[in-house]
Amino acid sequence: MELREMRAFVAVVEEGSLSGAARRLHVSQPALSQQMNGLERQLGVQLLVRSSTGVQATEAGATLLTEARAVLARYDQAIAAVTRHTGPGEARLRLGIPLELPADLLSGPLADLTDAYPATRVQALHMSTADQLAALRAGDLDVGLLREHPVGPDLDAVLVVEERLGVLLAADQAAKLVGPDGIRLNALAGLAWVGFPRSGSPVWYDEITAILRSHGLDPGLTPPEGQGLIAPVKLAAVTAGGAFALAPPNWQQPIPESLAWAPLVGHPLVRRTWAAWPASSRRRDLGHLIAALEYQGPE
């Protein structure tokens with residue numbers, strides 16, 4: 001039995017309903033119901049009595065409730081003891097960050113977090129989406145900014161930002177292709193896409209390549225693993241000619257005169273970033289940061 005299963009079971013009994021526990025845990029009710037059914041199968045006993053008025057613990061469930069509370073309390077004490085080693089009065093919050101975040105995405109929320117929780121020290125770690133997911137599940141990261149929505153009940157996520165990607169290419173090529181509303185994606189056929197390794201974010205990579213193919217473009221070979229698509233790589237590859245790269249309209253990197261950025265007609269490529277964290281987390285400083293980051297829609 002995992003700690004997250006214990007927390008979920010305790011929440012169900014304390015709330016007296018699956019719906020109330022689902023709201024408390026920030027998970028869907030069907031996922032929580034499946035988790036409870038799986039726990040009963042795993043232990044081989046009935047833990048809950050379900051009725052139209054809610055749920056109650058059986059005798060076996062009451063025993064598990066007592067033991068689970070004790071285990072969770074001891075676990076929380078251990079985490080608190082370790083956290084004290086981060087420094088006098090400090091609580092470390094490990095934040096995973098991918099490449100190319102909007103310049104102002106984190107400044108406001110982090111400043112607000114510092115005001116509300118001055119003892120929390122944020123440790124920013126540059127990691128790919130795949131590495132962040134692994135670190136979140138291993139307990140090595142408290143919150144990550146991902147380019148794909150995590151799958152499974154162990155992680156919660158909220159949308160943080162949406163970016164309509166445009167295209168970066170040589171200025172002379174852009175002059176030939178750009179129209180009044182930008183460049184049509186199919187007009188880039190014959191140019192090589194300067195892409196990133198699929199291993200860094202498989203879902204996002206597959207989404208991009210599927211859209212490129214649907215517009216008649218050949219995504220080409222997958223770049224080798226470990227080759228991060230940093231700004232200098234994009235600029236150098238596009239400057240050489242015969243290639244294009246994707247970039248948001250508010251890209252922080254200065255663009256040389258030999259290159260040009262243009263929007264894509266119809267905005268076929270939208271890059272989304274989610275904040276994800278362990279569903280079992282009860283950290284108030286983390287909840288405060290998530291609330292500040294959550295996307296409120298276009299202004």
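This note walks through the sheets, one helix and the nonpolar cores of a predicted model.

1. Let's start with the five-stranded sheet. It is an open sheet whose strands come in the order β4-β3-β5-β11-β6, with mixed pairing. β4 and β6 stand at the edges with a single partner strand each, so one side of each has no neighbour in the sheet. On average, neighbouring strands here are turned by 20° against each other, direction ignored.

2. Now look at β3 within that sheet. Five of its seven residues are buried, so β3 is largely enclosed by the rest of the structure. It pairs with β4 (residues 120–126) in the parallel sense, over seven bridges. To get from β3 to β4 the chain passes through helix α5 (residues 107–116), and this β-α-β crossover is right-handed. If you want a place to see the pairing, find Arg 92, which stands opposite Arg 121 in β4.

3. β3 also has a link to β5: these two strands pair in the parallel sense over two bridges. Here Leu 95 stands opposite Val 143 in β5. β5 in turn is joined to β11 by three bridges, and those two strands run antiparallel. For that pair, look at Gly 144, whose bridge partner in β11 is Ala 276. Following β5 is a nice way to see both senses of pairing, parallel with β3 and antiparallel with β11.

4. Next, helix α6. Which residues of α6 (residues 129–138) are buried? They are Thr 129, Gln 132, Leu 133, Ala 135 and Leu 136. Looking down the axis of α6, you find its buried residues within an arc of 165°, so they line one face of the helix. The elements covering them include β3 (91–97), β5 (143–146), β6 (155–164) and β11 (270–278). Just after the helix, Gly 139 takes a positive phi of about 80°.

5. There is also a four-stranded sheet. It is open, with the order β8-β9-β7-β10 and mixed pairing. At its edges stand β8 (192–193) and β10 (259–262), each with a single partner strand, so one side of each is left without a neighbour in the sheet. β8 runs parallel to β9 (residues 243–247), and two bridges join them. In this pair, Trp 193 stands opposite Phe 244 in β9.

6. Those two residues come up again in the largest nonpolar core, which has 30 residues. Val 167, Leu 169, Leu 188, Trp 193, Ile 208, Phe 244 and Leu 246 touch the most other members. At least two residues of this core come from each of β7 (166–170), α8 (202–214), α9 (231–239), β9 and β10. What does Leu 246 touch, not counting residues up to four places away in sequence? Its contacts are Leu 165, Gly 166, Trp 193, Ile 208, Lys 234, Leu 264 and Leu 269.

7. Apart from the largest core lies another core, of 23 residues, and Ala 11, Met 36, Leu 39 and Leu 64 are among them. Take Leu 39 as your example: it lies in helix α3 (residues 29–43). Is Leu 39 buried or exposed? With a relative accessible area of 0%, Leu 39 is buried, since the cut-off for buried is under 20%. For a sense of where Leu 39 sits, compare it with Val 143: the two are 104 residues apart in sequence and 27 Å apart in space, C-alpha to C-alpha.

Conventions. Residues numbered from 1 in each chain as written. Predicted model: local features only at pLDDT ≥ 70, side-chain atom pairs only at ≥ 80, totals over all residues. Heavy atoms only, no water. Pairing = 2+ DSSP bridges. Buried < 20%, exposed > 50% of the residue type's maximum accessible area, 1.4 Å probe, protein only. Arc of directions from axis to C-beta. Contact = heavy atoms within 4.5 Å. Right-handed = clockwise from strand over helix to strand, strands pointing away. Core = buried A, V, L, I, M, F, W, Y, C linked by side-chain atoms within 4.5 Å. Axes fitted to C-alpha atoms, helices over the stretch in contact; angles between N-to-C directions.
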